[in-house]
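Visitor: Could you take me on a close look at a single part of this model, the open sheet and what sits around it? I would like the cut-offs along the way.

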Amino acid sequence: MSFRTTPPETSSTPGLQAVTGATEPPALTSRLPEVGTTIFSVMSALAAKHAAVNLGQGFPDFDCDPGLVDAVTAAMRAGHNQYPPMPGVPALRQALSAKIERIYGRRYDPDSEITVTAGATQAILTAVLAFVHPGDEVIVLEPCYDSYGPAITLAGGRIVRVPLNPADFRIDFARLQEAITPRTRALIVNTPHNPTGTVWPAADLRALAELLRPTKLLVISDEVYEHMVFDGQRHVSVSSEPGLAERSMVISSFGKTYHVTGWKVGHVAAPAALMAEFRKVHQFNVFTVNSPMQHGLAAWLAEPSRYEGLSGFYQRKRDRFREGLAGTRFELLPCAGSYFQCVDYSRISSLPDHAFCDWLTKEVGVAAIPLSAFYADPPQRPLARFCFAKTEATLDEALRRLRRL
């Protein structure tokens, strides 16, 4: 929109009067005054500008199974091109209910306890807007995905940051308990964890359930990397812990699972009373989600083998990347899940992590994400995050460049 800065010509149209003086632009007060362009967009743009290998933003550079595209195409040709039901296509919700029960042992009613969303980020925002009132406190465990804080701010809530243990990024239950007050409304958890690749063991979920038992806190559980857990471990969902499932919104992502992040389709499972409130907001900020993709995903989800092999698929990429960095001066942090590898670069550079990632992109030709982007008050340890959800050719070229350091 442009604003006129010189007086317009006098109109000869009856009923219109000449306007003199400049038009004042509207007064703007930002709802997110401290938020700029996300670091993922910034680093991807920098990678493109300098022809760098982009291991920054978390998306695969390979296609999904052609059969999934065929399933969506068939849905379009079958006429599934109008609004689906607001909570999602029934067949997809039924398939999700069956999958969650089969893997995690809890049955969610597909009619009242599962909703299909426009990606996991929309699900997180919707959950926060549905339950957090102005003045409520919401605990986040740092480092954390960068949408959590802005979602809480938009709801009028107060962000309470509890740092994960910097040595192993495990939860410090004593600090978490200290952070809970009568004003605490919700806790956001994430496993497998972005950015650190840690995975919550069952014992930690049981401990969390016990800690929250005397409270009325809501849990928002971000489990988008549920099918990427390595070395014989398994993902333990909040859904599988009764003391947590009854108070939790459990969020996951088809985009992550089936390598179609650009489709922006996710889902939420929660007890009926919670889901009813979630849907009140969902129907007005999205209403519903792309119809043919839902029908295609419903057909695809019916075959468990299409996600059961994902951990092995990504473990091979993780191992290839870690083995390629083993002879460098990077210190590799453990990676038990997700498709991210964090590194300590202190033996290479004394630059702050933002400056180091800029230098790495421009001078070495590999883009990474500074870990401080996931903190409000980052620790001093110099860390960067690489994404290994890439083809072998992409990983090998990135490794060739990184091994020069």
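Guide: A polar contact here is a pair of N or O atoms within 3.5 Å; within protein, one must be able to donate a hydrogen and the other to accept it, and residues adjacent in sequence count only if both atoms are side-chain atoms. This is a predicted model, where local features need pLDDT of at least 70 and side-chain atom pairs count only at pLDDT 80 or more, while totals for chains, interfaces and linings use all residues. Residues are numbered from 1 along each chain as its sequence is written, and side-chain values use heavy atoms, leaving out hydrogens and water.

Let's begin with the sheet. Seven strands (DSSP E runs of at least two residues; helices are H or I runs of at least four, and both are numbered from the N terminus) make up an open sheet in the order S2-S8-S7-S6-S5-S3-S4, with mixed pairing. S2 and strand S4 (158-163) are the edges, each pairing on one side only; pairing asks for at least two DSSP bridges between two strands. Ignoring direction, neighbouring strands are turned by 20° against each other on average. Axes are lines fitted to C-alpha atoms, for helices over the stretch in contact, and angles run from 0 to 180 degrees between N-to-C directions.

Further in, S7 (residues 248-253) and S8 (residues 266-269) run antiparallel and are joined by four bridges. One of the residues to look at is Val250, whose bridge partner in S8 is Ala269. Helix H4 (residues 120-131) packs on the sheet, touching S2, S5 (184-190), S6, S7 and S8, and its direction makes about 165° with that of S7. Contact means heavy atoms within 4.5 Å.

Now zoom in on edge strand S2 (residues 114-117), which holds Thr115. Thr115 counts as buried because its relative accessibility is 0%; buried means under 20%, exposed over 50%, and partly exposed in between, with a 1.4 Å probe and protein chains only. The side chains of Thr115 and Arg279 form a polar contact of 2.8 Å. Leaving aside residues up to four places away in sequence, Thr115 touches residues including Pro87, His267, Phe278 and His282.

S2 also helps to cover helix H11: the cover over the buried residues of H11 includes H2 (66-77), H3 (90-104), S2, H9 (254-257) and H12 (305-308). Nine of the 11 residues of H11 (residues 291-301) are buried, so this helix is largely enclosed by the rest of the structure. Among them are Met293, Leu297 and Trp300. At the start of H11, a side-chain oxygen of Asn290 comes within 3.1 Å of the backbone nitrogen of Met293.
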